[in-house]
Amino acid sequence: MLSWMAWTWPTALVFIGLFSAIGLLTVIEIKYPGGAERKGILGLVTTRGDRLFLTCLGTSFIFLAWLGLVGMPLWAPLGISIGWGILCFWKV
Amino acid sequence: MKTENQKAWFFVLPVLLLVAFNALIPMMTVVNYSVQETFGDNIFFWEGLTWFEQILRSDRFHAALGRQFMFTFLILIIEVPLGIAIALAMPRQGFWVPVCLVLMALPMLIPWNVVGAMWNIFALPDIGLLGYFLNHVLGINYDMTQDPIAAWVTIITMDVWHWTSLVVLLAYAGLVSIPEAYYQAAKIDGASNWSVFRFIQLPKMKNVLTIAILLRFMDSFNIYTEPFVLTGGGPGNSTTLLSIDLVKIALGQFDLGPAAAMSLIYFAITLFVSWLFYTLMTKDDLN
């Protein structure tokens, strides 16, 4: 039934990760409502959801930039992305 | 203690299902395609991130992206000020209000491919009203089928003709919502027309203008039909915008993998610029 979608394990894992993150945020939001709003280093008021969005968007650009400018392998952008994610949830 | 009723979320479910069906699932399929190669028959070969690397390094993509930003930039800096100016010039009450509103809405009622076809015929150098007038009456050498600059002028003019109305109508909605008392207060203070515009009308229009700019950005950045019908991306590749190039790769060459990778990069850029516009324009309200 799903063969037309041409699933592969790596892409499936990306989506499982993405939906788990959204699910996790939903659970946290139910437990601690309000989205943990604060004004971060970018001067923007962000919630947990905004920080996840910025993490994902930033990660995609970090990987795209690395692929375009440097190429394989992708361990370095992975490290930068994890750092970016930590920065987003910690300071932004 | 629960202070909020969260049942309203269930009313969002049908929309969520609809979006999942028409956007999310096709999008997932595009992601799957972007890492594989196919020759049809639903048979796929793993390629990893090859297509992304190939697209990101191709001159063809860079050129199309550059043209796309140029197009969007040009139509935004023309349509937004022009739209505001027309909205300011429109009557706020009386007989002419509905007449102006209907006239303004007319271009937006015309389907995109018809707009393209109309402007194509209108601008043809030998038989089109505009083309003939420019060439044979004014003596200006204008041929959008041969000259890239003429082609660009034509697609920009066409988009301005088609979509400035959207900015006008939104800005007008913002203008009519300003209470008369603001203008009276400004008059008592002896404010100039420019001060009234700068400190009363523009701030009051800010929210609708945010929407207008976002809509025009996304629409123009994803534009396909009108330039495709008008110039077909030519002459040469001079008006081949991103979506036209994308369709050429996907349907013309049947390179579904690279096309999928290109559309994901395209999507990421659209998402980022939309986020940037929205964040910058609503920053002061939220803080």
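## Helical spans in chain B

Residues 260-281 of chain B are 100% helix and 0% strand, with their end C-alpha atoms 31 Å apart. Please keep in mind as you read on that this is a predicted model. A second span to look at is residues 69-88 of chain B, where the chain is again 100% helix and 0% strand. Here the end C-alpha atoms lie 28 Å apart.

Both spans come from a UniProt record. The unreviewed entry lists "transmembrane region" for residues 9-31, 69-88, 95-112, 118-138, 150-173 and 260-281 of chain B.

## Where the two chains meet

Let's turn to the interface. On one side, 26 residues of chain A are in contact, and on the other, 27 residues of chain B. The area buried between the two chains is about 2300 Å², and carbon and sulfur atoms give 75% of that area. Within chain A, the residues that lose the most area to chain B are A:Met5, A:Leu64 and A:Leu67. Together these three make up 20% of what the chain A side buries.

What about charged and polar pairings across this boundary? The count of salt bridges between chain A and chain B is zero. There are, however, six residue pairs in polar contact between chain A and chain B, both partners being at pLDDT 80 or more. On the chain A side, helix 1 (9-31) and helix 2 (48-69) each supply at least two of the touching residues. Helix 2 of chain A gives the most, with eight residues. Sorted by class, the side of chain A that touches chain B has 19 nonpolar, six polar and one charged residues.

## A salt bridge between two helices of chain A

Over all chains, the whole structure holds six salt bridges. One of them is in chain A, where the side chains of A:Arg48 and A:Glu29 meet at 3.0 Å, N to O. A:Arg48 lies in helix 2 of chain A and A:Glu29 in helix 1 of chain A, so this pair ties together parts that are 19 residues apart in sequence.

Are these two partners buried or exposed? A:Arg48 has a relative accessible area of 13%, so this residue is buried. A:Glu29 is partly exposed, because its relative accessible area is 32%.

## Salt bridges within chain B

Chain B offers a pair with partners of unlike exposure: B:Glu53 is buried at 19% relative accessibility, whereas B:Arg57 is partly exposed at 40%. The closest N and O atoms of B:Glu53 and B:Arg57 are 3.6 Å apart, and the two residues form a salt bridge. With the cut-off for buried set at under 20%, the 19% of B:Glu53 places this residue in the buried class.

Which residue forms a salt bridge with B:Glu79? The partner is B:Arg216, with the closest N and O atoms 2.9 Å apart. This pair links distant parts of the chain, since B:Glu79 sits in helix 3 (residues 59-89) of chain B and B:Arg216 in helix 9 (residues 193-221) of chain B, 137 residues apart. B:Glu79 is buried, with a relative accessible area of 1%, and B:Arg216 also counts as buried at 1% relative accessibility. The pair belongs to a wider arrangement: salt bridges that share partners join B:Glu79, B:Asp159, B:Arg216 and B:Asp219 into one network.

Methods. Residues are numbered from 1 along each chain as its sequence is written. Chains are lettered from A and ligands numbered from 1 in the order in which they are written. This is a predicted model: local features need pLDDT of at least 70, side-chain atom pairs count only at pLDDT 80 or more; totals for chains, interfaces and linings use all residues. Side-chain values use heavy atoms; hydrogens and water are left out. Contact means heavy atoms within 4.5 Å. Buried area is the accessible area (1.4 Å probe) that two parts lose on being put together, summed over both. A salt bridge is a side-chain nitrogen of Lys or Arg within 4 Å of a carboxyl oxygen of Asp or Glu. A polar contact is a pair of N or O atoms within 3.5 Å; within protein, one must be able to donate a hydrogen and the other to accept it, and residues adjacent in sequence count only if both atoms are side-chain atoms. Helices (H or I, at least four residues) and strands (E, at least two) are DSSP runs, numbered from the N terminus. Ala, Val, Leu, Ile, Met, Phe, Trp, Tyr, Cys and Pro count as nonpolar, Asp, Glu, Lys and Arg as charged, and the others, Gly among them, as polar. UniProt positions are given in the numbering used here, feature names are shortened, and annotations may be inferred rather than shown by experiment. Buried means under 20% relative accessible area, exposed over 50%, partly exposed in between (1.4 Å probe, protein chains only).
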